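Okay, everyone has coffee, so let's get going. I'll put the structure up and then walk you through it chain by chain.

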Amino acid sequence: MTGSAPTEGAPPPPPRALVALSVLSGAVALAAGIAGGLLRSGWALPVAPGAPIAHHGGLMVCGFLGTLIGVERSVALGLRWPWLAPLLSGIGGLMILGDLGGDWALRLILAGSVVLLAVTLAILLRQVALFTAVPVLGAVCLVAGNAHWTAGRAIPELVHAWMAFLLLTITGERLELGRLRRPPTSASRALGLLSALYVGAVLAIPWMPGPAVALAGALQIGLALWLWRYDVARVTVRTSGLARYVAVCLLLGFLWLAASGALLVAIGPVEYGLGYDATLHAFFLGFVFSMIFGHAPIIFPAIFRVPITYHPAFYVPFLVMHASLLARLGGDLVGSASWRSWGAAGNAAAILGFPAVLVVTGLREARRQASEG
Amino acid sequence: MDLGLIYSIEETPAGLRVEMTMTSPGCPLASYLAGEARRAVVAVLPEVADVEVVLVWDPPWSPARMSEAARARLGGSSADDGPGWFSV
């Protein structure tokens with residue numbers, strides 16, 4: 001063992017009020033985003049359709065995922081100022097829903113993404129490395145996407161920047177853990193090159209959509225192949241319990257990432273429609289939510305200070321998600337609105353069922369421990 | 001211990017001081033794992049009055065700190081572990 005100068009004291013637990021406010025606003029954005037998705041896919045719901053339908057994507061990506069990632073990063077840094085990122089995006093999401101503040105809602109979300117960029121830079125400064133640099137590129141894409149959104153550009157023009165934010169944030173996290181397998185330096189260089197080219201392609205999409213979308217799709221496939229080849233999930237999938245569950249989520253997510261890239265290459269830049277639905281939901285539900293389903297049992301205890309015990313029931317929402325996503329994409333590709341609607345309903349059930357499974361299995365475990373102790 | 005996250009354990013007048021790190025400065029589990037490390041020490045040495053866990057970032061963690069057993073379990077190549085953008 002070697003001695004070293006401490007740069008931090010004992011890490012403080014996350015402040016409860018900031019966690020509660022951020023998580024609650026993110027949860028409201030998620031619920032409204034799901035409602036908007038169901039309304040768009042043809043379901044009649046007893047909610048006012050305006051904001052959730054018009055801003056389904058923004059609520060899901062910025063109001064929910066942006067806030068969630070901001071919370072995760074704030075907990076990691078253990079400082080107060082990073083909490084501005086999830087608070088601004090969370091409050092912006094609530095203002096969109098309440099139709100409050102006009103353009104200020106989007107401006108707050110944009111400001112939150114600028115803070116998140118500063119947070120990723122602060123992490124980069126703590127340790128300059130590829131795995132801390134890739135999320136900075138992701139945050140740059142989020143700022144770019146939100147700047148376009150605030151400026152009034154259409155969602156199909158900027159959604160790729162949101163996708164890049166999520167893909168590069170997740171890639172950075174997986175690269176960090178992938179170091180446990182010690183990938184060769186050439187593989188790290190390849191990932192750096194793929195990431196840089198991908199960001200360039202994504203940022204060029206509003207000005208040259210045809211070639212830039214195809215290039216972004218091809219690079220998305222490249223990133224999926226890299227993750228499949230070098231992620232530690234390839235090893236841990238051969239274990240058992242929680243480690244295996246997480247690995248299964250990750251590996252299936254990488255397949256969806258490649259599928260979404262293939263759809264981008266095949267379909268190219270699309271306006272709203274079935275091809276758009278298929279491409280985006282292969283990415284956001286197949287890839288991103290697989291990552292959430294896989295990471296949540298590990299990250300939630302850090303945020304909520306509540307232990308989560310693995311249970312095989314974790315696979316139920318996971319299976320519902322992927323089966324219903326297959327149905328949805330099948331409906332999209334053959335032009336069946338009915339399959340698409342039922343698929344979307346299954347997607348919503350999986351997203352809502354996942355936290356329910358965590359809570360129910362957690363309570364059962366707590367009762368079991370109480371009866372034993 | 002297998003991952004090499006524990007840098008030092010020293011006796012202090014108050015009890016024990018543990019210096020540990022994370023695989024990344026962006027790891028949200030830092031506070032949680034520091035608490036788990038403290039609980040693990042207290043479970044083994046309940047007679048120690050005070051266990052202080054301090055998170056350090058210098059030197060940064062690298063895969064070279066992993067035990068042979070952990071390396072064998074996770075597989076992978078024998079990459080260069082030195083500092084640099086593309087070294088792991």
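Quick bit of vocabulary before anything else: when I say helix, I mean a DSSP run of H or I with at least four residues, and helices are numbered from the N terminus. Also, please keep in mind that this is a predicted model.

With that in hand, here's a spot to look at in chain A. H4(A) is followed by A:Asp99, and the phi of A:Asp99 is positive, near 55°. A:Asp99 has that positive phi although it is not a glycine. Where does A:Asp99 sit? You'll find A:Asp99 in the loop between helix H4 (84-97) and helix H5 (104-126) of chain A. And is A:Asp99 buried or exposed? Its relative accessibility is 70%, so A:Asp99 counts as exposed, given that the cut-off for exposed is over 50%.

Now step back into the helix ahead of that loop. H4(A) has 14 residues, and from its first C-alpha to its last it reaches 20 Å, close to the 20 Å you'd expect at 1.5 Å a residue. How many of the 14 residues of H4(A) are buried? The count is 10, so to speak of H4(A) as mostly covered is fair. Among the buried ones are several glycines, namely A:Gly90, A:Gly92 and A:Gly93, and the list also includes A:Pro86, A:Leu87, A:Leu88, A:Met95 and A:Ile96. What covers them? The cover includes helix H1 (16-40), helix H2 (50-54), helix H3 (56-77) and helix H6 (130-150) of chain A, along with H5.

Okay, zooming out to chain A as a whole. There are 14 helices in chain A and 0 strands, so the radius of gyration is the next thing to check: it comes to 20 Å, close to the 21 Å that the globule rule gives for 373 residues, which means chain A is as compact as a globular protein of that length. If you'd rather think in boxes, the C-alpha atoms of chain A fill roughly 60 × 50 × 45 Å along the principal axes.

As for the inside, 56% of the 373 residues in chain A are buried. Take the contacts in chain A between residues at least 6 apart in sequence: 72% of those join residues at least 24 apart. On the outside, chain A exposes about 14600 Å², and carbon and sulfur atoms supply 71% of that. Then the charges: chain A has 22 positive and 13 negative ones, and their mean positions are 9 Å apart.

Next, another helix in chain A. Helix H9 (residues 209-230) has 22 residues and reaches 31 Å from its first C-alpha to its last, close to the 32 Å expected at 1.5 Å a residue. Its buried residues include A:Ala212, A:Ala216, A:Gly217, A:Leu223, A:Trp226 and A:Tyr230. Which helices do the buried residues of H9(A) pack against? Those are helix H7 (155-178), helix H8 (185-204), helix H11 (241-267) and helix H12 (274-304) of chain A.

We can look at H11 up close through A:Ala258, which lies in that helix. Leaving aside neighbours within four places in sequence, A:Ala258 is in contact with A:Ile221 and A:Ala224. The C-alpha atoms of A:Ala258 and A:Leu223 are 8.1 Å apart, though 35 residues separate them along the chain. A:Ala258 has a relative accessible area of 21%, so it counts as partly exposed.

One more loop in chain A, and this one has a glycine. A:Gly335 lies between helix H13 (315-334) and helix H14 (337-372). At 48% relative accessibility, A:Gly335 is partly exposed. Its C-alpha is 7.1 Å from that of A:Leu274, a residue 61 places away along the chain.

Last up, chain B. Chain B has 2 helices and 3 strands, and from the N terminus on they run β-β-α-β-α. Of its 88 residues, 47% count as buried. For contacts in chain B between residues at least 6 apart in sequence, 55% join residues at least 24 apart. The accessible surface of chain B is about 4300 Å², with 59% belonging to carbon and sulfur atoms.

And which peptide bond in chain B should you check? The one from B:Asp58 to B:Pro59, which is cis, with omega near 5°. B:Pro59 is in the loop between strand S3 (50-55) and helix H2 (68-74) of chain B.

Notes:
Residues numbered from 1 in each chain as written. Chains lettered and ligands numbered in written order. Predicted model: local features only at pLDDT ≥ 70, side-chain atom pairs only at ≥ 80, totals over all residues. Heavy atoms only, no water. Rg over C-alpha atoms; globule rule 2.2 N^0.38 Å. Buried < 20%, exposed > 50% of the residue type's maximum accessible area, 1.4 Å probe, protein only. Contact = heavy atoms within 4.5 Å. Areas by Shrake-Rupley, 256 points an atom, 1.4 Å probe, with all protein chains shown as cover. Lys, Arg positive; Asp, Glu negative; His and termini not counted. Charge placed at Lys NZ, Arg CZ, Asp CG, Glu CD. Expected span 1.5 Å × (residues − 1).
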